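Hi,

Here is the structure I said I would pass on. Have a look at it first, and my notes on what turned up follow below.

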Amino acid sequence: MTSSEMWGRDAAERYDAEETEMTSAPVLGATVGFLAELAGDGRALEFAIGTGRVGVPLRERGVPVTGIELSEHMAAVLRRKVDEDTLPVVIGDMATTVVPGEFALVYLVYNTVSNLLTQDEQVECFRNAARHLRPGGRFVVELGVPPLRFLPPGQVAVPFDVSERHLGFDTIDPVEQILVSHHFTRDGEDGRYRRGASRHRYAWPAELDLMARIAGLERERRVADWDGAPFTRDSPKHISVWRKSA
C-alpha cells in the first residue's frame, strides 16, 4: 500500500457532481482526443481511473482501456457506467499494481501523481508505467506547476478558487514538498460549508523528467493543456509525454 489517501464512499458519490468543469464536453473532448491519438490502435491503461471521468469516454472513442484504482468506492461509481468486460478495473495502487499485457499508452491525469506522498513512490509509479508499456509506448501525466511564486515571505496559503459555492486554498511546505488543498464547499441553501482537505506531494517538471529517465523513458513532448498550447513560465499546469525506447 502506498501513502495515497483513500477516497471514501461519500467523496466518491460526490465526485462527478463537484467536478463539473473537468467533466464538461470541452475539457473531456480535448483530453480524450489527445490520448486517443497517442494510443492509436493499441490498448490504454489509466492509473487511478477513479469514477471513469476520462476512461469511459476514451473507451467509447474505441480505445480499449483498463484501469487501476485504489478506492473501491470510486471504482463502484465507475462500474455503474460501464461493465467489467467493457472496461476492466483492478483494485490496487498505481506504484506497484501490475495488470496483464502490454499497452501503447499509460496515462495519469488531473494531478493524481501528487497523491503519492513520497519521491520514492512517485519514482516507482514511473517504473510501473514503463513496466506496462510496449516498446515505443507513451506515458502521459497531467500535473499542476507548484504555485510557489504566489507565496511571498510570511504568507502561508495560496487561494485557487473563490466562488459562490466553494472556497479553496493551498498551504505549502517547501521543505517536504507537501501541499495541502483546503476546500470549503457550500452544500445546501442554509449557508453552511463542508470542510475537506487533501495532501499532495508536488514535483517540478524537471524532477518528473528525471523520474522518467530512471524508469527508462525519454521526454517526447510537454504542453500547457490538452489543446497543445505551448508550455511557458506562466503555465499553471503541464501535460507531459514520455516515450519508451523501441
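Before the contacts, one cut-off: a salt bridge here is a side-chain nitrogen of Lys or Arg within 4 Å of a carboxyl oxygen of Asp or Glu. With that in hand, E164 and R186 qualify, because their side chains meet at 3.6 Å, N to O, and the cut-off is 4 Å. Please keep in mind that this is a predicted model.

**Salt bridges**

Staying with that pair, E164 sits in the loop between β6 (157-162) and β7, while R186 belongs to strand β8 (residues 178-186). The two are 22 residues apart, and the contact links distant parts of the chain. E164 itself counts as exposed, at 61% relative accessibility.

How many salt bridges does a search of the whole structure find? The count is 11. One I'd point you to joins the side chains of E142 and K237, at 2.6 Å, N to O. E142 is in strand β5 and K237 in strand β11, so this bridge ties together parts that are 95 residues apart in sequence. The two ends differ in cover: E142 counts as buried, at 2% relative accessibility, whereas K237 is partly exposed, with a relative accessible area of 24%.

Another one brings together the side chains of D209 and R219, at 2.9 Å, N to O. Here the link runs from helix α6 (residues 205-214), where D209 lies, to strand β10, which holds R219. Those two residues are 10 apart in the chain.

There is also a network of salt bridges that links R138, E220 and R243. R138 comes up again in a plain distance: E218 and R138 are 80 residues apart in sequence, yet their C-alphas are 9.3 Å apart in space. E218 is in strand β10 and counts as exposed, at 55% relative accessibility.

**Aromatic contacts**

Over to the rings. Searching the whole structure gives 7 aromatic pairs. In one of them, the rings of F34 and W226 have their centres 5.1 Å apart and their planes at 80°, so the pair is edge-to-face. F34 lies in helix α2 (residues 25-39) and W226 in the loop between β10 (217-223) and β11 (237-244), so the contact ties together parts that are 192 residues apart in sequence. Both F34 and W226 are buried.

F139 and W242 make another pair, this one tilted, with 6.1 Å centre to centre and 35° between the planes. It links distant parts of the chain too: F139 is in strand β5 (residues 133-144) and W242 in strand β11, 103 residues apart. Buried or exposed, F139? It is buried, with a relative accessible area of 0%, and W242 is likewise buried, at 0%. The pair also belongs to a wider group, as F47, F126, F139 and W242 form one aromatic cluster.

One charge-over-ring contact is worth a look as well: the charged end of R43 sits over the ring of F103, 4.1 Å from its centre.

**Helix α5**

F126 from that cluster takes us to helix α5, where it is one of the buried residues. The helix covers residues 119-132, 14 residues in total. From its first C-alpha to its last it reaches 20 Å, close to the 20 Å expected at 1.5 Å a residue. As a general reminder, an α-helix has 3.6 residues a turn, so residues three or four places apart point the same way. The buried residues of α5 are E121, Q122, V123, C125, F126, N128, A129, A130 and H132.

**On the surface**

V162, L167 and Y193 make a nonpolar surface patch of about 280 Å². Of these, L167 lies in strand β7 (residues 166-173) and counts as partly exposed, at 34% relative accessibility.

Last, D234. This residue is found in the loop between β10 and β11 and is partly exposed, with a relative accessible area of 49%. D234 and T97 are 137 residues apart in sequence and 35 Å apart in space, C-alpha to C-alpha.

Shout if you want to go through any of this together.

Cheers

Technical notes:
Residues numbered from 1 in each chain as written. Predicted model: local features only at pLDDT ≥ 70, side-chain atom pairs only at ≥ 80, totals over all residues. Heavy atoms only, no water. Helix = DSSP H or I, 4+ residues; strand = E, 2+ residues; numbered from the N terminus. Expected span 1.5 Å × (residues − 1). Buried < 20%, exposed > 50% of the residue type's maximum accessible area, 1.4 Å probe, protein only. Phe/Tyr/Trp six-rings, centres within 6.5 Å; stacked < 30°, edge-to-face > 60°. Lys NZ or Arg CZ within 6 Å of the ring centre and 35° of its normal. Patch = residues over 30% accessible without salt bridge, like charges linked within 9 Å, V, L, I, M, F, W, Y side chains within 5 Å. Areas by Shrake-Rupley, 256 points an atom, 1.4 Å probe, with all protein chains shown as cover.
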